[in-house]
Amino acid sequence: MSTSAHDRIVIFDTTLRDGEQCPGASMTFEEKLEVAELLDAMGVDVIEAGFPIASVGDFESVAEIARRADRSVIAGLSRAIPADIARAGEAVKHARRPRIHTFVSTSPIHLEHQMRKTQDQVIDIITATVAQARNLVEDVEWSAMDATRTPIDYLARCVETAIKAGATTINLPDTVGYATPSEYEAMFRQVRERVLDRVSNPEAIVFSTHCHNDLGLAVANSLAGVAGGARQIECTINGLGERAGNAALEEIVMAINTRRDVLPYETGIDTTMLTRASKMVSAVTSFPVQYNKAIVGRNAFAHESGIHQDGMLKNNTTYEIMTPESVGVTKTSLVMGKHSGRAAFRDKLKALGYSLGENALNDAFTRFKDLADRKKVVYDEDIEALVDHEIAVAHD
Ligand code: KIV
Ligand code: ZN
């Protein structure tokens, strides 16, 4: 049992469902099993393994992940349609801890243009479908699709209906990435205030965030949702997902770990596995990770400017707020380029096994700067060639 005073945040990973919905990111059966195995080992609390009604392949991968998972809850997604729910139940039934995640749209835009249903009809659908799911499994999550564009009174009515029908996790997604952090936080506060007094089991209900990144606010919104009372965050490795993606798991977890002073929460994630997970998801989806991506980008722990390199050589807290080792990167890299200074150059020579006198060092440094002006990055071999030349000249 945790003795920490920090609230535990449930990490719900949807790389294999919302992430895979990203155009061009589909994974094979074996790749999905490999990703799920890593997520399970990494301490992800809930793995949304897929959308079982979507295809036979999806059904089979969810079912196999359910059979194999050691620790994680395995969730299958379903629309608010009886056949979907039955299929999701069938797929997750072999899991040690199965969950059915069912959703329906609640916003006026979706009700009018997509579902062509009245608000009262949707309430009846929630009652029937959540009850059906609850007959199949104990653990039912219900989502109000497009929650952030739903009037608060109606949203609260839907949530109350879902809880009374048996849902214990209530997810309020920012489906189109439209909310701002203060709005998202307020939505959770208001819904919780309106609903929790009216249900018999308030302590059993976990509210959940699910944020898309259309305005680049997915991680900030997720953390704001937690400030509003949510205790589950839905996210994906590398922020993969529909359109601009979902909130990135690695960013959420490291924000919580790094800023415990203002984010008094904890997760069960082994952060040293984050880089491996990022690389695996990038490899199986063929989606490259942008170089300057927070936490897992190639440059996240690389320093080129002379001032930064000088500071890093003296003490790494000068320009790093977390250690590379904490996310599974072996060490900081001081990238040698035209912005590098003499201190980093001297350090690099030492690491390469050279010890030059002051004059030779100055000459080599001038030649290095010339080279760096012509090349984007100067590799160790370039520096070795340049110093070997310096030594040969000195011996002539
Ligand atoms: O973005 C969304 O609303 C979803 C739901 C299916 C939870 O992905
Ligand atoms: Zn989504």
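Which residues surround ligand 1? In this predicted model, the ligand is surrounded by Asp18, Phe103, Ser143, Met145, Asn171, Pro173, Thr175, His210 and His212. Two elements, β6 and β7, each give two or more residues to that shell. By character, the shell residues divide into 3 nonpolar, 5 polar and 1 charged.

**What the record adds**

It helps to set this beside the annotation. The unreviewed UniProt entry lists Asp18, His210, His212 and Asn246 under "binding site". These residues are spread over 229 residues of sequence, yet they cluster in space, with a largest C-alpha distance of 10.3 Å. One of them, His210, sits in strand β8, which covers residues 206–211. The same UniProt entry type, unreviewed, also carries the annotation "domain: Pyruvate carboxyltransferase", covering residues 9–275. Over residues 9–275, helix makes up 45% of the chain and strand 18%, and the C-alpha atoms at the two ends are 21 Å apart.

**The barrel**

Now for the sheet. Eight strands form a closed barrel in the order β2-β3-β4-β5-β6-β7-β8-β9, and their pairing is parallel. On average, neighbouring strands of this sheet are turned by 25 degrees against each other, direction ignored. For a detailed look at one pair, take β3 (residues 46–50) and β4 (residues 73–79): they pair in the parallel sense over 4 bridges. Within that pairing, Glu48 has Ala75 of β4 as its bridge partner.

Two helices that pack on the sheet are set out here.

| Helix | Strands touched | Angle between directions |
|---|---|---|
| α3 (residues 56–68) | β3, β4 and β5 (98–105) | about 150 degrees with β3 |
| α7 (residues 152–165) | β6 (139–145) and β7 (169–174) | about 165 degrees with β6 |

The strands touched by α7 are β6 and β7, and these are the elements that give two or more residues to the shell around ligand 1.

**A helix pair**

Helix α3 has a helical partner too. How do α2 and α3 pack, and at what angle? Helix α2 (residues 29–42) packs with α3 at about 35 degrees, and their axes are 10 Å apart. The crossing of α2 past α3 is right-handed. From α2, the contact is made by Phe29, Lys32, Leu33, Ala36 and Glu37. From α3, Gly57, Glu60, Ser61, Glu64, Ile65 and Arg68 take part. Taken together, the residues of this contact divide into 4 nonpolar, 2 polar and 5 charged.

Note on methods. Residues are numbered from 1 along each chain as its sequence is written. Chains are lettered from A and ligands numbered from 1 in the order in which they are written. This is a predicted model: local features need pLDDT of at least 70, side-chain atom pairs count only at pLDDT 80 or more; totals for chains, interfaces and linings use all residues. UniProt positions are given in the numbering used here, feature names are shortened, and annotations may be inferred rather than shown by experiment. Two strands pair if DSSP finds at least two bridges between them. Axes are lines fitted to C-alpha atoms, for helices over the stretch in contact, and angles run from 0 to 180 degrees between N-to-C directions. Two residues are in contact if their C-beta atoms, placed from the backbone, lie within 7 Å. A residue is near a molecule or strand if its C-beta atom, placed from the backbone, lies within 6 Å of it. Ala, Val, Leu, Ile, Met, Phe, Trp, Tyr, Cys and Pro count as nonpolar, Asp, Glu, Lys and Arg as charged, and the others, Gly among them, as polar. A crossing is left-handed if the near helix is turned anticlockwise from the far one by less than a right angle, and right-handed if clockwise.
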